[in-house]
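Me: I am new to this structure and should like to learn how to read its features. Where should one begin?

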Amino acid sequence: MSTSTAAATAFAALDACFTADLTTIIGSDRPQHDLTPTYLVEEARDVLGASSHRPRQEAGKDLAIAAIHLTGALTAPADVQSCVLARARTHLRDAISAVH
């Protein structure tokens, strides 16, 4: 599997896994297929970061870190890409669990 195919597959899996939760956090009524993973992560980060509730602020920080890892995974060499994506997933899960 080429690097670009592996990246597309990995991002599709992340998108499918987290889209519903992130859409709920931002309260979007747009169809989920119209929302890109990057938009969702950044929008949810901004919503949570603006909260006065400390756990939500911490969740916003986790989403900011996840966005950094997701962006890094786009250009990471194939041999480290899965590790970078795993870190992104960890921060996404932490953020989502903090607000639920």
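Reply: One may begin with the nonpolar core, which is a set of buried Ala, Val, Leu, Ile, Met, Phe, Trp, Tyr and Cys residues joined through side-chain atoms within 4.5 Å. Please bear in mind that this is a predicted model.

Me: Which residues in the largest nonpolar core touch the most other members?

Reply: The largest nonpolar core has 22 residues, and those touching the most other members are Leu 22, Ile 25, Val 41, Ala 44, Leu 48, Leu 63 and Leu 92. Two or more residues of this core come from each of helix H1 (3-26), helix H2 (37-49), helix H3 (54-75) and helix H4 (78-99). H4 gives the most, with seven residues.

Me: How should one read the buried residues of H4, and where do they fall around its axis?

Reply: An α-helix has 3.6 residues a turn, so residues three or four places apart point the same way. In H4, the buried residues are Gln 81, Val 84, Leu 85, Ala 88, His 91, Leu 92, Ala 95, Ile 96 and Val 99. Seen down the axis of H4, they fall within an arc of 130° and so line one face of the helix. The face of H4 turned away from this buried side carries the exposed residues Asp 79 and Ser 82.

Me: Is Ser 51 buried or exposed?

Reply: Buried means under 20% relative accessible area. Ser 51 has 16%, and is therefore buried. Ser 51 lies in the loop between H2 and H3, and its side chain reaches the backbone nitrogen of His 53 at 3.0 Å. Leaving aside neighbours within four places in sequence, Ser 51 is in contact with Arg 56 and Gln 57.

Methods: Residues numbered from 1 in each chain as written. Predicted model: local features only at pLDDT ≥ 70, side-chain atom pairs only at ≥ 80, totals over all residues. Heavy atoms only, no water. Buried < 20%, exposed > 50% of the residue type's maximum accessible area, 1.4 Å probe, protein only. Helix = DSSP H or I, 4+ residues; strand = E, 2+ residues; numbered from the N terminus. Polar contact = N/O pair within 3.5 Å; in protein donor to acceptor, adjacent residues only side chain to side chain. Contact = heavy atoms within 4.5 Å. Arc of directions from axis to C-beta.
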